[in-house]
Structure formats: structure tokens, C-alpha cells
Amino acid sequence: MTIPLNGQRVLVIGASGGIGKATAEAFATAGAYVSRPTRDALDITDDASVAAFFATEGAFDHVVIAAAKTKTGPVAALALDDAQAAMNSKFFGAYRVARAAKVNDGGSITFVSGFLSQRTSATSVLQGAINAALEALARGLALERAPVRVNTVSPGLVDTPLYAAMSNADRQAMFDKAAAHLPARRVGQPEDIASAILFVATNPFATGSTVTVDGGGTIAA
């Protein structure tokens with residue numbers, strides 16, 4: 001069911017593709033006025049950029065942070081600079097936005113984490129730690145920023161441009177193998193995650209929550 005938003009102001013950060021783009025389209029379809037700043041206008045890894053952007057903006061009804069750039073790999077093999085850059089992008093990027101954005105009472109802030117916060121992987125330790133930190137941040141902010149509501153949506157494997165560098169055959173083989181082990185028997189699409197973001201953003205009783213949308217990846221053997 002599409003929830004009418006009647007011209008409410010929504011900010012979607014990371015709307016150029018994948019989950020962010022699908023989320024912006026879902027809010028627009030529901031009647032919202034959606035702002036989709038490019039990185040040139042809002043670089044969430046840069047304090048000055050975030051401050052400058054929000055200094056000229058009024059209050060939003062809903063803010064979604066779906067942008068992040070992280071490298072993966074074993075802790076022992078991942079350069080510390082890359083690890084710190086990943087934390088700066090996904091965790092502190094969301095942190096900067098959450099502290100700077102003006103949000104109307106009863107409105108919402110939604111982070112996008114990932115099921116690695118619960119489904120530990122030996123090759124993605126950093127990503128799991130960042131996602132877990134992001135979810136904890138949302139729970140704390142739900143108290144600090146009340147009555148603004150703060151939630152997290154945690155996706156599993158989703159078919160996004162993140163995998164565009166792979167050949168079509170290799171990408172499809174990876175998705176088919178993953179789908180065979182998921183209770184849902186399919187990998188996610190950006191629209192699956194966008195619908196969950198729209199749900200937590202517009203449900204007036206949802207705050208401090210993490211909604212996992214992973215096809216059963218967290219519980220799969």
C-alpha cells in the first residue's frame with residue numbers, strides 16, 4: 001500500500017542509483033517532494049560540506065542516508081587508511097547528517113546498515129562492525145532526538161550497481177548461488193529495501209528499530 005505523503009519534504013542521500021534511487025522514487029510516488037543532492041552539493045564525508053548544505057536548508061519531514069563507500073577484506077589485510085575511510089563514509093557520514101539535519105517533530109531519519117551486523121563474516125569484519133555501530137547510533141538517537149523518529153533498515157544481498165564491475169555471467173552465477181541458500185530463494189532488489197524504508201519512515205510508532213530485509217540471510221544455515 002502506498003502511503004500518501006502530500007508534498008512532505010524528503011531528503012534522500014545517495015539517490016544516484018541502487019537502494020537510494022529506488023527509495024527516492026518510492027517517496028516521490030507517494031506524493032513527497034524529494035531532494036536528491038549530488039555528492040558535489042553534499043559530501044557526507046566532509047564536515048564543511050555537510051554544514052554548508054544544511055545551513056541553507058529548512059526542516060525536512062524525512063531524511064534517508066543510503067550513501068556509503070567502503071572497502072572490504074580481512075582485518076589483517078585491509079589498510080588502516082581504507083578502514084578509517086570506510087568508517088568515515090558509512091558511520092560518520094550518517095552521524096554528520098543526523099546531527100546537522102533539521103527534521104520536523106514526528107518526522108524521521110532512516111539509516112541503511114546491512115545484515116552483516118548480525119550475520120558475521122570472516123572476510124567482512126569491518127562492514128559488520130560499522131553496520132552494528134550504525135544500528136546502535138539509531139537506537140540512541142531515537143531517544144536523543146525524540147519526537148523525531150530514528151530507525152535503521154538492514155538489507156541482505158541486493159542486486160545494485162555495486163556489482164556492475166562483474167560480468168553479467170559472473171554476477172548472475174553469484175546471485176543464483178546465494179539465492180539457493182536463502183529461504184526467500186531470491187536475492188533482493190532495490191525496491192524491496194525502498195519499501196521497508198518507506199514503512200519505517202511513515203509509521204508513526206516505529207522508532208529505535210532495525211528492520212532486517214535480507215531474504216532470510218541472517219537465519220540461513
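Student: In which sense do strand β1 and β3 pair, and over how many bridges?

Tutor: Good place to start! This is a predicted model, and in it strand β1 (residues 9–13) and β3 pair in the parallel sense over four bridges. One partnership you can look up is that of I13, whose bridge partner in β3 is I65.

Student: What makes β1 and β3 count as paired?

Tutor: Two strands pair if there are at least two bridges between them. β1 and β3 have four bridges, so they meet that cut-off.

Student: Which strand, besides β1, is listed as pairing with β3 in the parallel sense?

Tutor: That is strand β4 (residues 103–112), which pairs with β3 over five bridges. Here H62 has S108 in β4 as its bridge partner. Between the two strands, the chain runs from β3 through helix α3 (residues 80–100) to β4, and this β-α-β crossover is right-handed.

Student: How covered is strand β3?

Tutor: Strand β3 (residues 60–65) is mostly covered, with six of its six residues buried.

Student: Let's turn to helices. Why are α1 and α6 called oblique to each other?

Tutor: Start with the angle: the axes of helix α1 (residues 18–29) and helix α6 (residues 190–202) cross at roughly 55°. Angles under 35 degrees count as roughly parallel, and roughly perpendicular begins at 65. The crossing angle fits neither label, and therefore α1 and α6 are oblique. The two axes come within 8 Å, and the crossing is right-handed.

Student: Which residues meet where α1 and α6 come together?

Tutor: On the α1 side, they are G18, I19, A22, T23, A26 and F27. On the α6 side, they are P190, E191, I193, A194, I197, L198 and A201.

Student: How do you know whether A22 is buried or exposed?

Tutor: A22 lies in helix α1, and its relative accessible area is 8%. Buried means under 20%, so A22 is buried. Leaving out residues up to four places away in sequence, A22 touches P190, E191 and A194.

Student: Is S89 buried or exposed, and what makes it so?

Tutor: Try the same reasoning with S89, which is found in helix α3. Its relative accessible area is 6%, and the cut-off for buried is under 20%, so S89 is buried. Again leaving out residues up to four places away in sequence, S89 touches I44, T45, A67, A68, K69 and A94.

Student: T45 is one of those contacts. How far is T45 from A22?

Tutor: Their C-alpha atoms are separated by 22 Å, and the two residues are 23 residues apart along the chain.

Student: Why is N6 called exposed?

Tutor: N6 lies in the segment before β1 and has a relative accessible area of 69%. Exposed means over 50%, so N6 is exposed. N6 also has a positive phi of about 45° although it is not a glycine.

Student: What about R185: buried or exposed?

Tutor: R185 has a relative accessible area of 57%. With exposed set at over 50%, R185 is therefore exposed. This residue lies in the loop between α5 (168–181) and α6, and its phi is positive, about 55°, although R185 is not a glycine.

Student: What kind of peptide bond joins A146 and P147?

Tutor: A cis peptide bond, with omega about 15°. You will find P147 in the loop between α4 (125–144) and β5 (149–155).

Terms used:
Residues are numbered from 1 along each chain as its sequence is written. This is a predicted model: local features need pLDDT of at least 70, side-chain atom pairs count only at pLDDT 80 or more; totals for chains, interfaces and linings use all residues. Side-chain values use heavy atoms; hydrogens and water are left out. Buried means under 20% relative accessible area, exposed over 50%, partly exposed in between (1.4 Å probe, protein chains only). A crossover is right-handed if, with the strands pointing away from the viewer, the path from the first strand over the helix to the second runs clockwise. Axes are lines fitted to C-alpha atoms, for helices over the stretch in contact, and angles run from 0 to 180 degrees between N-to-C directions. Angles under 35 degrees count as roughly parallel, over 145 as roughly antiparallel, 65 to 115 as roughly perpendicular and the rest as oblique. A crossing is left-handed if the near helix is turned anticlockwise from the far one by less than a right angle, and right-handed if clockwise. Contact means heavy atoms within 4.5 Å.
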